[in-house]
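Here is an informal tour for anyone meeting this structure for the first time. Have the 3D view open and follow along.

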Amino acid sequence: MKKLLPLLILALILTIIPPGGSSANTSVIQLGSDVLFNQFHHVIEGKKVGLVTNQTGVNSQGISTIDMLRRDRTVTLTALYAPEHGLDGKTPAGQHAAAYTHPVYGIPVYGLNGSAPMPTKEMLANIDVLLVDLQDIGSRTSPYISTLHACMTAAKQFGKPVVVLDRPNPVGGTIVDGPVLEAPYRSFIGVDTLPLAHGMTIGELARFFNRSIGVDLTVIPMQGYTRQMLYQDTGLPWIPSSPQIPDLAAVFGYMATGLGEGTGITPADNFTWIGGEGIDSHAYADLLNGALLPGVMFLPEDKGTRGGVRLHITDPYRFNPAKTGIYTLAYARQLNHFPVPKSGQTISVFDKEMGTRKIGQYLEQGLSPQAIESTYAAELSAFREQRKAFLIYGDQPYQPVEPIRSKPVVPASEPASKPQPAVTKPATNQQVPAIHPAVPPEKPVPSAAKPAASVTPAPAGAAQTAKPPATAKPSAPSAAVPGAKPAESKQPQEKVAYLTFDDGPSPVTDKVLDILKQHQVKATFFVVGKNVPGREAVLKRAIAEGHVVGGHTYSHDYRLIYRDIASFFADLEKGNQLIEHATGVKPTVFRYPGGSTNTVSRKYQNPNVYNNSHTVMQDIKAEAAKRGYVFIDWNITNGDARSNHYTPESALANVTSQVKHQREIVVLMHDASTKAATVQSLPAVIQFLKQQGYRFDVIHADKPTVATVK
């Protein structure tokens with residue numbers, strides 16, 4: 001028996017450890033698919049779901065979205081849609097996969113590729129919502145973003161909402177380069193006016209596409225993702241996105257080596273080598289290395305009769321694949337004078353890849369790569385400005401609070417040089433005059449006819465700690481039914497707007513106060529305690545001018561405040577004491593970082609005490625009610641929490657699209673040095689709300705009904 005005991009123990013261990021080693025999740029981010037099931041499950045609950053996906057559609061633990069949906073008894077997976085290369089990613093490019101019934105799932109699988117990229121009415125007939133989960137590679141020519149565009153277009157046509165599960169841009173979100181596609185050159189390898197390297201995630205691209213499509217769009221963002229991240233930083237394993245893209249070396253080399261269709265300059269070894277007939281490998285390497293392109297060296301290497309170079313990426317953070325692609329083509333042309341493909345009655349694939357015929361013309365003229373770059377510098381600059389309104393992620397790890405929604409609109413065409421927010425009609429934005437902090441628009445700003453809220457009412461958790469109203473006031477919309485009519489009151493026509501500013505005081509607080517004073521409007525500031533020292537005077541000014549200052553914790557650090565009850569209230573009280581010391585007034589209202597219904601707190605709660613059934617937020621809110629604290633959420637936001645890269649026009653558009661017929665609104669904005677666009681949009685926001693019949697007021701603890709608006 002003693003001899004058998006070690007064997008029994010070993011057998012027990014082997015049954016515990018899964019095949020292939022530990023199943024521990026080493027990712028530093030949560031994908032959109034993770035966030036959907038962990039945080040925003042209500043988006044798909046009770047619906048028949050059609051899923052656009054392939055082998056890349058897995059969560060951070062490696063579980064496919066197909067399996068997650070099939071295990072979910074609250075939804076019905078009714079159809080699958082596979083992009084180019086099929087559901088398993090093994091179908092050769094250009095080969096159309098006929099529709100078939102999945103042998104295991106028993107549901108239809110529809111192939112979407114270049115010859116038939118758009119779902120038909122029949123394909124969408126048995127779904128309530130179209131879910132998209134695809135890993136892109138960061139290039140304008142990627143067929144997967146073309147599939148996304150086609151699915152959004154079809155969904156708009158046939159009245160189906162689209163939900164995009166966001167994923168990283170593997171080459172990062174900071175490099176934006178290459179020629180910008182011109183509208184006449186749209187094709188399946190270039191569906192919109194993007195540069196070769198757009199620097200956007202698939203969720204951000206969906207928002208960009210929607211400016212001209214106008215579908216009912218929801219993006220489920222990632223958690224913990226930043227604009228600077230490369231795929232290597234996410235901790236996620238790379239899943240081959242196609243037979244030609246087996247690894248990250250191929251991803252980074254794709255735009256650098258794969259742009260010469262029809263020129264005889266071709267890639268090899270999964271986009272890590274480029275060359276052609278008549279190329280002197282050493283001369284080619286000397287030209288490329290002499291250009292001092294960032295983050296890459298070029299090693300001369302012959303392949304049979306072809307000369308070329310192998311890419312050796314030394315610094316992926318500095319490496320610019322689109323820029324490198326222009327240089328590899330231009331220097332190859334100098335060496336072997338390859339014939340440049342020309343467009344005639346049909347557009348050549350080369351011109352489709354470039355998005356213009358001009359690059360081919362410049363190559364024929366013998367222009368240097370530096371000269372070619374200069375020809376599209378202005379278009380690139382205009383695109384960088386345009387894309388800001390559609391970005392989700394900034395420099396800090398993103399913490400999702402709500403799904404990012406764009407409701408259906410009537411699409412309108414727009415010039416690429418005039419960026420428009422994705423949440424409302426471009427025509428609406430064009431009527432808004434230039435926004436300056438102290439100069440309100442001269443023309444009235446029409447309300448957006450259809451909602452496109454970035455933040456929607458959360459489940460009715462906010463009301464749990466609210467005190468019952470002492471007097472009959474206009475009640476807020478039901479948290480469970482967005483846009484619900486308020487209960488009757490003695491003043492049914494009264495509409496009240498509460499402007500709120502979080503995270504100050506900051507260098508822009510005085511500017512905010514100047515605008516409020518000019519327009520004779522009062523507001524409420526939810527202050528972070530650590531920002532008070534050195535800015536006591538601005539808080540005193542706010543109090544003296546009739547505004548209210550509330551607490552927003554001392555640190556605003558989720559890791560600290562949401563560990564347990566004691567940590568939260570210690571941090572809150574520390575901040576409140578600094579406010580009281582600076583102003584002489586004790587705060588009577590406060591706002592939870594992330595809102596009262598946030599679920600991000602679960603990530604930081606003490607696992608020895610809390611779990612998904614018993615959360616730290618439940619205990620904190622119960623304790624707050626016992627202590628008589630009054631917290632304030634919001635039901636309108638200008639969207640400035642999502643990113644520091646946004647425009648005054650998009651901030652205004654977010655507000656106008658969410659204001660419908662609510663009797664009482666609490667508008668969330670942020671007071672920080674990075675939120676200059678919020679300050680610039682404020683006069684127009686005030687004017688718009690006045691036109692909608694709202695009066696302005698500050699929030700007091702004796703009006704706790706505003707705590708229920710979220």
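## A four-strand sheet

Start with β10 and strand β11, which covers residues 273–277: three bridges join the two, and they run antiparallel. To find the spot, look for Thr266, which stands opposite Gly275 in β11. Keep in mind that you're looking at a predicted model.

Now zoom out a little. These two strands belong to an open sheet of four, with the order β10-β11-β13-β12 and antiparallel pairing. At the edges are β10 (266–268) and β12 (296–300), each of which pairs on one side only. On average, neighbouring strands in this sheet are turned by 30° against each other, ignoring direction.

## An eight-strand sheet and its helices

There's also an open sheet made of eight strands, in the order β3-β4-β2-β1-β5-β6-β9-β14, and here the pairing is mixed. Its edges are β3 (100–101) and β14 (404–406); each has a single partner strand, so one side of each has no neighbour in the sheet. Strand β9 (residues 217–220) is linked to β14 by three bridges, and the two run antiparallel. Within that pairing, Leu217 has Ser406 of β14 as its bridge partner.

Two helices to look for here are α4 and α5. Helix α4 (residues 143–158) packs on the sheet and touches β1 (48–53), β5 (129–133), β6 (162–165) and β9, with its direction at about 160° to that of β6. Helix α5 (residues 202–213) also packs on the sheet, where it touches β6, β9 and β14, and its direction makes about 160° with that of β9.

## Nonpolar cores

Which residues touch the most other members of the largest nonpolar core? They are Tyr81, Met152, Val162, Val164 and Phe209, in a core of 94 residues. Take Tyr81: leaving out residues up to four places away in sequence, its contacts include Leu51, Val52, Tyr110, Met123 and Ile127. A second core, separate from this one, has 35 residues, among them Ala497, Ala523, Val538 and Val659.

## Aromatic rings and charges

The count of aromatic pairs comes to 21. In one of them, the ring centres of Tyr231 and Trp238 are 5.0 Å apart and the planes are at 85°, so this pair is edge-to-face. Tyr231 is buried, with a relative accessible area of 5%, and Trp238 is buried too, at 14%. Tyr393 and Tyr398 also make an edge-to-face pair, because their centres are 5.3 Å apart and their planes are at 75°. Both of these tyrosines, Tyr393 and Tyr398, are buried.

For a bigger group of rings, find the aromatic cluster that includes Tyr558, Phe569, Tyr604 and Phe631. Arg627 has its charged end over the ring of Phe569, 4.1 Å from the centre. Elsewhere, Arg333 lies over the face of Phe338, 5.7 Å from the ring centre.

## Backbone oddities

Gly504 and Pro505 are joined by a cis peptide bond, with omega about -5°. Pro505 is in the loop between β15 (496–504) and α14 (509–518).

Two residues that aren't glycine have a positive phi: for His337 it is near 50°, and for Thr553 it is about 75°. His337 sits in the loop between α8 (321–336) and α9 (349–354), while Thr553 is in the loop between β17 (548–551) and α16 (558–561). Are they buried or exposed? His337 is exposed, with a relative accessible area of 55%, whereas Thr553 is buried, with 1%.

Definitions and conventions: Residues numbered from 1 in each chain as written. Predicted model: local features only at pLDDT ≥ 70, side-chain atom pairs only at ≥ 80, totals over all residues. Heavy atoms only, no water. Phe/Tyr/Trp six-rings, centres within 6.5 Å; stacked < 30°, edge-to-face > 60°. Buried < 20%, exposed > 50% of the residue type's maximum accessible area, 1.4 Å probe, protein only. Lys NZ or Arg CZ within 6 Å of the ring centre and 35° of its normal. Core = buried A, V, L, I, M, F, W, Y, C linked by side-chain atoms within 4.5 Å. Contact = heavy atoms within 4.5 Å. Pairing = 2+ DSSP bridges. Axes fitted to C-alpha atoms, helices over the stretch in contact; angles between N-to-C directions.
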